[in-house]
Amino acid sequence: MVVRFPSAIRASFLSAKKSASRSLDVPRGFLAVYVGEMEKKRFLVPLSYLNHPSFQDLLNKAEEKFGFDHPMGGMTIPCTEEDFIDTISNLSRP
C-alpha cells in the first residue's frame, strides 16, 4: 500500500523521519507518537497540530485508553495507521 501525503506535510514528515532514523531524538517542533493496532509505528507530528480539534480528539482517545501509562514509553494513539494518516493529512489542507 502506498500512502501519499500532501506535499506540505510530506516534506516535514520525510525530513523529520530521516532525522529520527539516525537517532531516537525528536527534531525541534515535532512530537513523536506511536500508532497502530497490533504493530505500532512511530510518526513525527508537527507541534502545530496539537491545537487542531481533530488531533485533540485523537489525544482524548489516547487519554481515555491509556491515561499516562503508554505501553511504548511514548505517546500512543489508539487508532489504525490508516485513520491516523487520514486525520493528519486533512490537518494540512487549507
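The protein exposes about 6400 Å², of which carbon and sulfur atoms supply 52%. The model is a predicted one, and in it 34% of the 94 residues of the protein count as buried. The secondary structure comprises 3 helices and 3 strands, which follow one another along the sequence in the pattern α-β-β-α-β-α. Among contacts in the protein with a separation of 6 or more, 50% are accounted for by residues 24 or more positions apart.

**The salt bridge**

The structure holds 1 salt bridge, in which the side chains of Lys41 and Glu81 meet with an N to O distance of 3.3 Å. This pair links distant parts of the chain, since Lys41 belongs to strand E2 and Glu81 to helix H3, with their positions 40 residues apart in sequence. As general background, side chains of opposite charge can pair when their charged atoms come close. Lys41 counts as partly exposed because its relative accessibility is 34%, and Glu81 also falls in the partly exposed class because its value is 21%, where buried would require under 20%.

**The loop between E1 and E2**

Strand E1 spans residues 30-35 and strand E2 spans residues 41-46, and Glu37 lies in the loop between them. Gly36 is found in that loop between E1 and E2 as well, yet the two residues fall into opposite classes of accessibility: Gly36 counts as buried because its relative accessibility is 6%, whereas Glu37 counts as exposed because its relative accessibility is 58%. Leaving aside neighbours within four places in sequence, Gly36 is in contact with Ile77, Cys79 and Glu81, the last of these being the acidic partner of Lys41 in the salt bridge. Glu37, for its part, joins Glu82, Asp83 and Asp86 in forming a negative surface patch.

Thr80, in the loop between strand E3 (75-77) and H3, touches Val35 and Glu37 when residues up to four places away in sequence are not counted. Thr80 is itself buried, because its relative accessible area is 18%.

**Residues brought together from separate parts of the sequence**

The C-alpha separations of three residue pairs are set out below, together with their distances along the chain.

| Pair | Sequence separation | C-alpha to C-alpha distance |
|---|---|---|
| Phe30 and Pro46 | 16 residues | 4.4 Å |
| Gly36 and Cys79 | 43 residues | 5.9 Å |
| Thr87 and Ser54 | 33 residues | 6.9 Å |

Phe30 is found in strand E1 and is classed as buried because its relative accessible area is 19%, a value that lies under the 20% cut-off for that class. Thr87 lies in helix H3, which covers residues 81-91, and with 18% relative accessibility Thr87 likewise counts as buried. Once residues up to four places away in sequence are set aside, Thr87 touches Ser54 and Leu58.

**Helix H3 in summary**

Several of the features described above involve helix H3, residues 81-91. Glu81 of this helix is paired with Lys41 of strand E2, and Glu81 is also among the residues in contact with Gly36. Thr87, which lies in the helix too, is in contact with Ser54 and Leu58. The negative surface patch, finally, includes Glu82, Asp83 and Asp86 along with Glu37, the last of which sits in the loop between strands E1 and E2.

Definitions and conventions:
Residues are numbered from 1 along each chain as its sequence is written. This is a predicted model: local features need pLDDT of at least 70, side-chain atom pairs count only at pLDDT 80 or more; totals for chains, interfaces and linings use all residues. Side-chain values use heavy atoms; hydrogens and water are left out. Patches are made of residues with over 30% relative accessible area and no salt bridge: like charges are joined within 9 Å, nonpolar side chains (Val, Leu, Ile, Met, Phe, Trp, Tyr) within 5 Å. Accessible areas come from the Shrake-Rupley method with a 1.4 Å probe; for residues, only the protein chains shown count as cover. A salt bridge is a side-chain nitrogen of Lys or Arg within 4 Å of a carboxyl oxygen of Asp or Glu. Lys and Arg count as positive and Asp and Glu as negative; His and the chain ends are not counted. The place of a charge is taken as NZ of Lys, CZ of Arg, CG of Asp or CD of Glu. Helices (H or I, at least four residues) and strands (E, at least two) are DSSP runs, numbered from the N terminus. Buried means under 20% relative accessible area, exposed over 50%, partly exposed in between (1.4 Å probe, protein chains only). Contact means heavy atoms within 4.5 Å.
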